[in-house]
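The following exercises concern the structure shown below. Each consists of a task and a solution worked in steps.

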Amino acid sequence: MDDPFLLPEILKNNLNLIGKHHFLPDLAALELARFQVENVQDDPLPENPKNRIINPSLTVLTVHWQNLIEVLHSPDLLPEPGDDNILIFRQPDTGDTQILSASGYDLLALKIVSEEIDSHQAALEGGVTVGVIDDILYSAIIRGLLIAPKSRLVRSDDFPRGQITDPSWFTSPTFTLQWHVTQVCDLHCRHCYDRSDRVPMQLDQGIRVLDDLYDFCQNHNVFTQVTFTGGNPLLYPHFTELYQAAAERGFMTAILGNPMPRQRIEELLTIQMPEFYQVSLEGLQPQNDYIRGEGHFERIFAFLDLLKELKIYSMVMLTLTRQNMADVLPLAELLRDRVDLFTFNRLAMVGEGAALASAPIEQYPAFLKSYLKAAEKNPCMSLKDNFFNVLRHQKNQPYGGGCAGFGCGAAFNFVSLLPDGEVHACRKLPSHIGNMYEQSLDEIYHDAPAKRYRAGSSVCSDCSIRPVCGGCMAVNYGFNRDIFTELDPYCFMDSDD
């Protein structure tokens, strides 16, 4: 044959010569399409397009036989009659050729992008939520059918790099809104950093917040997580409606709260499984119940059993103080088989927490080392504190993400929203950067106050591990230090301890 590229057409025009194997023209067309995708040297696939685009290497082949892809790998198999759409393309990240049978969702994603249909319009026409449409597009991006622009949440060019060159430490794929939907709480903890009265949020205000958050994350090409907290978020009278609205917009959801009845949790599961449900313990029973109230310790353990039964990822947070340092490792052992993740934050001496004593500074490096050693054998123990990266640095080990995945992530990959609309860079200290009832999140995020908190303390600017650390501004504030010019008092970066 002079031109092998004509084989599919020749076979199609001579079915009488191929007996019962009428699938051979389509199989030859598939082989040809794969050859062309593998061997045609196009320009490199775009890495960061301005908008979502269809993978330029994609070929959509319509055939009239099913299971042809399997026949490619197992010639002894015979396909079955039936229409199919086969996708042949190069993976954007590896360049490897992929051959897939297109699902209806794949074809819908290609249609939405090729015809430049807005997600809201597609949702309206399909009678589904915008979150369903965005999930379909996301799946197509993950599979490589679509190529999406990169996250626009990127540390500024003048942000300290130190010895860290991996660009992934400087850009976040996800933005989290830590939403304090109510000040109402069924507890009165001795370290509570805010018991102030604030104007309660109306449901319509909350819906507008979700719409603004959706636009912000779409414009910045990031995934969205809404972490509901309070007070106790489930005591907000419209919590179910708000949770439903967040799920409908395709947001990941999480809860920082207190134990609640089974029926209340199961109600939320009919809407969407949360990414996690976090509760708090402040040490072993005597110390915990001193801080959080009598009987709280036992209620938490019973609730953790409920979360496990319902297959909800569970987290326990401890606020580290002078009084409970000795309880941390024994508590971690009690939680070993009861919780998915256990971690701690250092006390921020803010609000009522100012009456408590912080962990001794001189003992802190040794405490971190003992915690790190215990964590090697206890899979529930998480390494959240930024100063674990100081230990890693001293041992020339790979860094972890620190407090928020990027060291201090305040006003970078998360902000905190209060019931009256105030936005703070971090909830554990006064760090007002705007009001979402008066400004868009985009305006707040890119305004000077947020940029200042994002930069952190200038004293850390020359630190070799700044992108994965930055100390803790809330702890610094609690020690009456200038958070923009002074060092976290617990920092031992230059110490050999």
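**Exercise 1. Overall composition**

Task: State how many helices and strands the chain has, and characterise its extent, burial, contacts and charge.

Solution.
- Step 1. The model is a predicted one, and its chain has 17 helices and 14 strands.
- Step 2. The C-alpha trace spans about 90 × 50 × 45 Å along its principal axes.
- Step 3. Of the 497 residues in the chain, 52% are buried. The area exposed by the chain is about 23700 Å², and carbon and sulfur atoms supply 51% of that area.
- Step 4. When contacts between residues at least 6 apart in sequence are considered, 67% join residues at least 24 apart.
- Step 5. The chain carries 40 positive and 65 negative side chains, with the centres of the two sets 7 Å apart.

**Exercise 2. The sheet of 9 strands**

Task: Determine the strand order of the sheet of 9 strands, identify its edges, and describe what packs on E10 and E11.

Solution.
- Step 1. The order is E11-E10-E9-E8-E7-E6-E12-E13-E14; this sheet is open and its pairing is mixed.
- Step 2. Strand E11 (341-346) and strand E14 (432-435) are the edge strands, each pairing on one side only.
- Step 3. On average, neighbouring strands of this sheet are turned by 25° against each other, direction ignored.
- Step 4. Strand E10 (residues 314-320) runs parallel to E11, and 6 bridges join the two. Within this pairing, Met-317 has Thr-343 in E11 as its bridge partner.
- Step 5. Helix H13 (residues 364-375) packs on the sheet and touches E10 and E11; the direction of H13 makes about 175° with that of E11.

**Exercise 3. The surroundings of E12**

Task: Are the residues on the two faces of strand E12 buried or exposed, and which strands pair with E12?

Solution.
- Step 1. Strand E12 (residues 414-417) is covered on both faces. Phe-414 and Ser-416 lie on one side, Val-415 and Leu-417 on the other, and all are buried.
- Step 2. Strand E6 (residues 174-180) pairs with E12 in the parallel sense over 4 bridges. Here Trp-179 stands opposite Leu-417.
- Step 3. Strand E13 (residues 422-424) pairs with E12 in the antiparallel sense over 2 bridges. Here Ser-416 stands opposite His-424.
- Step 4. E12 and E13 form a hairpin with 4 residues between them, and Gly-421 in the turn has a positive phi of about 95°.

**Exercise 4. The sheet of 3 strands**

Task: Establish the order of the sheet of 3 strands and explain why one side of each edge strand has no neighbour in the sheet.

Solution.
- Step 1. This open sheet has the order E2-E3-E4 with antiparallel pairing.
- Step 2. Strand E2 (59-66) and strand E4 (97-101) stand at the edges; because each has a single partner strand, one side of each is left without a neighbour in the sheet.
- Step 3. Neighbouring strands of this sheet are turned by 25° against each other on average, direction ignored.
- Step 4. E2 and E3 pair over 7 bridges in the antiparallel sense, with Leu-61 opposite Ile-86 in E3.

**Exercise 5. Two charged residues**

Task: Classify Arg-90 and Asp-106 as buried or exposed, and describe their locations.

Solution.
- Step 1. Arg-90 belongs to strand E3 (residues 80-90). Its relative accessible area is 14%, so Arg-90 is buried, the cut-off being under 20%.
- Step 2. Arg-90 and Asn-258 are 168 residues apart in sequence and 48 Å apart in space, C-alpha to C-alpha.
- Step 3. Asp-106 is found in helix H4 (residues 104-114). With a relative accessible area of 4%, Asp-106 is likewise buried.
- Step 4. Apart from residues up to four places away in sequence, Asp-106 touches Leu-87, Ser-101, Arg-143 and Leu-145.

**Exercise 6. Backbone features in loops**

Task: Locate the cis peptide bond that joins Gly-230 and Gly-231, and classify the accessibility of Asn-221 and Lys-311.

Solution.
- Step 1. The cis peptide bond between Gly-230 and Gly-231 has an omega of about 20°. Gly-231 is found in the loop between strand E7 (223-229) and helix H8 (239-248).
- Step 2. Asn-221 lies in the loop between helix H7 (203-219) and E7. Although not a glycine, Asn-221 has a positive phi of about 60°.
- Step 3. The relative accessible area of Asn-221 is 27%, so Asn-221 is partly exposed.
- Step 4. Lys-311, in the loop between helix H11 (296-309) and E10, has a positive phi of about 60° although it is not a glycine.
- Step 5. Lys-311 counts as exposed because its relative accessibility is 69% and the cut-off is over 50%.

Methods. Residues numbered from 1 in each chain as written. Predicted model: local features only at pLDDT ≥ 70, side-chain atom pairs only at ≥ 80, totals over all residues. Heavy atoms only, no water. Buried < 20%, exposed > 50% of the residue type's maximum accessible area, 1.4 Å probe, protein only. Contact = heavy atoms within 4.5 Å. Areas by Shrake-Rupley, 256 points an atom, 1.4 Å probe, with all protein chains shown as cover. Lys, Arg positive; Asp, Glu negative; His and termini not counted. Charge placed at Lys NZ, Arg CZ, Asp CG, Glu CD. Pairing = 2+ DSSP bridges. Axes fitted to C-alpha atoms, helices over the stretch in contact; angles between N-to-C directions.
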